Amino acid sequence: MGYRGQRRRVNCWWILLLCFEEGILAQLRYSVPEEVQVGSTVGNVAKDLGLDTSTLTDRRFRLVSGPNHALFQLNQNNGVLYVGEIMDREEICDGIKVCSINLKIVVEGPLEIHYVSVEITDVNDHSPTFPESEQRLEIAEHTPPGTRFQIHAARDPDVGTQSVRLYKLNQNDFFETDVRDSEGDKIPFLVLKKPLDREQKAEHNLTLTATDGGSPAKSGSLNITITVLDVNDNRPVFSKDTYSVSLDENAPIGTLVIQLNATDLDEGLNSAIEYTFGKTQKKKVQETFELDSVSGEIRVKGKVDFEDTEIYRLDLQASDKGQLPWTAESRVVIKIKDVNDNQPDIEVTSLSNVVPEDSKPGTVISLISVTDRDSGVNGKVICKISNNVPFDLTPSIEENMYSLVTKGRLDRETVSDYDITITATDCGEPPLSSAKTLRVQVSDVNDNKPVFSQNPYELYLVENNTPGASIFSVTAADNDLNENAAITYHIVRGDGLQGDKTSFLNVNSENGKISALKSFDFEKLKKFKFHVVASDSGTPSLSSNVTVNVFILDQNDNAPVILYPVSSNGSAEGVEEIPRNVNAGHLVTKVRAYDADIGYNGWLLFSLQEVTDHSLFGLDRYTGQIRTLRSFTETDEAEHKLLILVKDNGNVSLSATATVIVKVVEPKEAFAASDVKSSTKADEDSNVTFYLMITVGSVSALFLVSIIVLISMQCSKSTDYTSKYLPEPNYDGTLCHSIQYRSGDKRYMLVGPRMSIGSTIVPGSHANTLMLPDRRGTSGEVSLCFDFDVMHTLLTHKELTLSS
């Protein structure tokens, strides 16, 4: 270690001291570098002093406190002096070239004081630093070479060779350094080697590096920025002596033609450029173009036409704004370029603008000619037709000639006319195009037959219509036009026999209104049908027919007819004899009536209009039964007259009256009178009785069979319950109807005269209706029809009563 040589010198000094002072005092010198770690050994003091290490503790071997004594520590066990704290030489001995720390070591028994000097040697732990990281200088470009400029000096806290030893400037062509020693400090200067030119380089960036003498050496740097100040020593320079540019004809006013670029290497006003036309410039040029004096932009001012002038030559100047301005000249050659500025022209020669809808594909409609005044690719034209039309363009052998032809089937009823757009586009850049619209109308042919609005028609006609009046109208439409759509109507006539109903009908051939030549009677005719034919007026004519189903609706046009009582002279008057001893509720007789109408029009109600004694007789309004309300007394008259009113339930009711004279007789007289009456008529009606017996027997047998069938159906099929009257008309043309209704848990079927569609009836409205319980399944129903009014008419001639 470095301190061994020093220790040898100390030992020598220690021997000299022993010679003169007999061991009272010794002095040792050690050296230790700064920044060593805590605990690092400085030297073995005990060994160097020749002390016995085993007695150090007993002799209280120690350091005497003093300045900076904490920097070192003494080990009493082995006598080693070691570093106690990190040491910074620049902090402990700032500005002192030799940094020594003096220590006192005391040992007792006998007392000895030894002096130890520890030199803290410098290590290169600091780099040179400048006061600022950057220094700016301004130097005019006309400054002569050799001029010196002082710059910042660097400082290094280290001493000796570890301090700043060298300044070095980065490689450049204009500056070098010169260092002057001043009282141990090195002051750097910047020296200009050659003239500066701001136009070549307006700013110089230099780096000055200060290096110390350590090993390894450390350094610091200073950035030096030198701004070169300008003088007007450069004239403007155009980027080109001659500019050549192309300009499209018809360029709009304001179009930028070219922007001149003149530069001046000076700055400020010395480099501000102003552009002007040359003094000999032609007037036409100035009328066509304008020049921006600041930006140097040349823009279109007037009309640019290739056919007028193909090339323009512009003489221009650029001047700076220095005190003594410099000027430069240039020329701009503008070549006008012909552009695609003509649209194709389409010429249409129409053979016909109307084409029949049955035209075959390929039929020529028009000839198309296309021309373009441009030349080359600008004059080459491509034609196309609008999409989604059944037409096409067929090119001709001659260039730019086309034929417009059909390419598919036409249907006027779908599209009656077409707007065909023909577009012609040239091949210029950008391409120009023009379009022309040709309207083609599709003419009609008779290819559609008349179609009725519905088929079949159903006509519900109320009977007793006015003869000759319109009862119905049929309508047919034809998608064709004009005479092809003109429709006439006629009725298909039958053979003219009695059953032909069309002989009573007529149709208006123009509007399809149907009128009846006679009045229809529901009681005679329920329904019929006929056919109407609609024909157009095309060639050949097309036609279609429709069926009209006519249903005659009932009207209340029949008054009730009294079936009983009927006198011999035909009047509705009868005489009934009853015993005086009958009780209340006795059936005196039953007034029977019939109405040829159906539904409410045929629903009859009975009422007493006149009666001798209201307390004696009562009339059932639904059945027409006359019964006694109480027993006869001695004071009651022997003869009573009852006037019965029978009316239907039509909107305008029709009625009939019947007179019943009730004679009250003693019981014996009543039986006698009955016998006499029977005997007088027995011979007269013997034949009638025979037929009536057969009729009654047949009806009874049929009734019995019906009951058996109904009972069997009721037992074998489930009941379909309903809670409303269920009209189920069966329009078969007979005077029979069946109406179903529910009463409690039973279902009934009313059988009687035929009812019209939609008619209803209240149970009990007729005494001539048989009510049978009905069992129905999904397979159908059983309806029975008995017209007891007819039977009653026959039976009353024999004075028989059939109670329903």
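In the hairpin formed by β6 and β7, where 4 residues lie between the strands, G109 takes a positive phi near 65°, and I would like to start from that turn and work outwards. Before I do, please keep in mind that this is a predicted model, in which local features need pLDDT of at least 70 and side-chain atom pairs count only at pLDDT 80 or more, while totals for chains, interfaces and linings use all residues. Residues are numbered from 1 along each chain as its sequence is written, and side-chain values use heavy atoms, with hydrogens and water left out.

When I say strand or helix, I mean a DSSP run numbered from the N terminus, with E and at least two residues for strands, and H or I and at least four residues for helices. Two strands pair if DSSP finds at least two bridges between them.

With that settled, β6 and strand β7 (residues 112-121) are antiparallel and share 8 bridges, and within this pair V106 stands opposite I113 of β7. On the other hand, β6 (residues 100-107) is also joined to strand β3 (residues 62-64), again antiparallel, by 3 bridges, and there L63 stands opposite I105.

What is found at the surface around L111, I113 and Y115? These residues make a nonpolar patch of about 270 Å², where a patch takes residues with over 30% relative accessible area and no salt bridge, joining nonpolar side chains (Val, Leu, Ile, Met, Phe, Trp, Tyr) within 5 Å and like charges within 9 Å. A salt bridge here is a side-chain nitrogen of Lys or Arg within 4 Å of a carboxyl oxygen of Asp or Glu, and accessible areas come from the Shrake-Rupley method with a 1.4 Å probe, with only the protein chains shown counting as cover for residues. L111 is placed in the loop between β6 and β7, and it counts as exposed because its relative accessible area is 59%, the classes being buried under 20%, exposed over 50% and partly exposed in between.

Let me move along the chain to an open sheet of 3 strands, in the order β9-β12-β11, with antiparallel pairing. Here β9 (148-150) and β11 (175-182) are the edges, and each has a single partner strand, so one side of each is left without a neighbour in the sheet. The twist from one strand to the next averages 35°, the axes being lines fitted to C-alpha atoms and the angles running from 0 to 180 degrees between N-to-C directions. Between β11 and strand β12 (residues 185-192) there are 8 bridges, and one residue of β11, D178, has F189 in β12 as its bridge partner.

Further on comes D248, which lies in strand β16 (residues 242-248) and, at 34% relative accessibility, is partly exposed. Which residues does D248 touch, leaving aside its neighbours within four places in sequence? They are V304, K337 and V339, where contact means heavy atoms within 4.5 Å. V304 is 56 residues away along the chain, yet its C-alpha atom and that of D248 are separated by 8.0 Å.

A last sheet, open and mixed in its pairing, has 4 strands in the order β25-β31-β30-β27. Its edge strands, β25 (354-356) and β27 (381-385), each pair on one side only. Strand β30 (residues 417-426) runs antiparallel to β27 with 5 bridges, among them the one between D426 and V381.

To close with the whole chain, there are 7 helices and 53 strands, and 41% of the 804 residues count as buried.

Technical notes
Buried < 20%, exposed > 50% of the residue type's maximum accessible area, 1.4 Å probe, protein only.
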